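Colleague: I am new to this one and would love a guided tour. Could you show it to me and take my questions as they come?

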Amino acid sequence: MKRSSLTIRFSQTAKDKLEPADAQLMEQAVEAARNAYAPYSQFHVGAAVRLVTGEVLKGNNQENASFPAGICAERSVVYYAHANYPGSAIDTIAVTASPCGVCRQVLLESEKRKKSPIRVLLASGNEVRIFDSVKDLLPFGFDSF
Ligand SMILES: [Zn+2]
């Protein structure tokens, strides 16, 4: 048996130290969170993506009394991007929280589908973690063995 280890690389900085384009994208995610529909969890999440074309799109979590019918902010904006901009890869996604496992898998498949790494900015309080690829968030994805 061979033992292995895994290193995950990311950067961390304060929100007010982000590059202007990243700061703007994170602000769009924060703005999107304000419009989330989260009457059950009270956990409002926003996400914003910047496509390689420069277009910025926003999404937020949308809950439902039938719980599985709800959707996370990340998936709402990624599916919107693929539905309306099928030829454009996602360059960067900013999220006001840490993605759940389902969203990590969806982001990973989006990255593979477009053959283009997605930068991920995750906010936690005043700090932001920056990943160069979704692979760093989900190194052993559903179909990656
Ligand atoms: Zn999720």
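Modeller: Happy to, and one definition will help us: the expected span of a helix is 1.5 Å times one less than its number of residues. Please keep in mind that this is a predicted model.

Colleague: Let me use that definition on helix 2, then: how far apart are its end C-alpha atoms?

Modeller: Helix 2 covers residues 73-84, which makes 12 residues. At 1.5 Å a residue, helix 2 should span 16 Å. The model agrees with this, since the end C-alpha atoms of helix 2 are 17 Å apart.

Colleague: Stepping back, what pattern does the protein follow along the sequence?

Modeller: The protein has three helices and six strands. Read along the sequence, these elements give the pattern β-α-β-β-α-β-α-β-β.

Colleague: And what radius of gyration does the protein have?

Modeller: The C-alpha atoms fill a box of roughly 50 × 40 × 35 Å along the principal axes. For 145 residues, a compact globule would have a radius of gyration near 15 Å. The protein agrees with that, with a value of 15 Å.

Colleague: In what order do the six strands form the open sheet?

Modeller: The pairing in this open sheet is mixed. For example, strand 2 and strand 4 are antiparallel over five bridges, while four bridges join strand 4 to strand 5 in parallel. The order of the six strands is 1-6-5-4-2-3.

Colleague: Which strands stand at the edges?

Modeller: An edge strand here has a single partner strand, so one side of it is left without a neighbour in the sheet. The strands at the edges are strand 1 and strand 3.

Colleague: Is strand 3 largely enclosed or largely open?

Modeller: Strand 3 has five residues, 56-60, and four of them are buried. A residue counts as buried if 20 or more other C-beta atoms lie within 10 Å of its own. Strand 3 is therefore, by the rest of the structure, largely enclosed.

Colleague: Which residue takes a positive phi in the hairpin of strand 2 and strand 3?

Modeller: Strand 2 and strand 3 run antiparallel and are joined by five bridges, with Ala 47 opposite Gly 59. Four residues lie between the strands of this hairpin. The one with a positive phi, near 100°, is Gly 54.

Colleague: Which residue of strand 4 is the bridge partner of Ala 48?

Modeller: Strand 4 has six residues, and five of them are buried, so the rest of the structure largely encloses strand 4. Its pairing with strand 2 is antiparallel over five bridges. In strand 4, the partner of Ala 48 is Ala 94.

Colleague: What handedness does the β-α-β unit have?

Modeller: The unit is made of strand 4, helix 3 and strand 5. Its two strands run parallel, and Thr 92 stands opposite Arg 119 in strand 5. The β-α-β unit is right-handed.

Colleague: Which residue of strand 6 stands opposite Ser 124?

Modeller: Strand 5, residues 119-124, and strand 6, residues 127-131, run antiparallel and are joined by five bridges. Opposite Ser 124, in strand 6, stands Glu 127.

Colleague: Back to helix 2: what angle does its direction make with that of strand 3?

Modeller: Helix 2 packs on the sheet and touches strand 2, strand 3 and strand 4. Its buried residues include Val 77, Val 78 and Ala 81, and helix 1 and helix 3 are among the elements that cover the buried residues of helix 2. With the direction of strand 3, that of helix 2 makes about 140°.

Note on methods: Residues are numbered from 1 along each chain as its sequence is written. This is a predicted model: local features need pLDDT of at least 70, side-chain atom pairs count only at pLDDT 80 or more; totals for chains, interfaces and linings use all residues. A residue is buried if 20 or more other C-beta atoms lie within 10 Å of its own, exposed if 12 or fewer, and partly exposed in between; C-beta atoms are placed from the backbone. Two strands pair if DSSP finds at least two bridges between them. Two residues are in contact if their C-beta atoms, placed from the backbone, lie within 7 Å. Axes are lines fitted to C-alpha atoms, for helices over the stretch in contact, and angles run from 0 to 180 degrees between N-to-C directions. A crossover is right-handed if, with the strands pointing away from the viewer, the path from the first strand over the helix to the second runs clockwise. The radius of gyration is taken over C-alpha atoms; the globule rule is 2.2 Å times the number of residues to the power 0.38.
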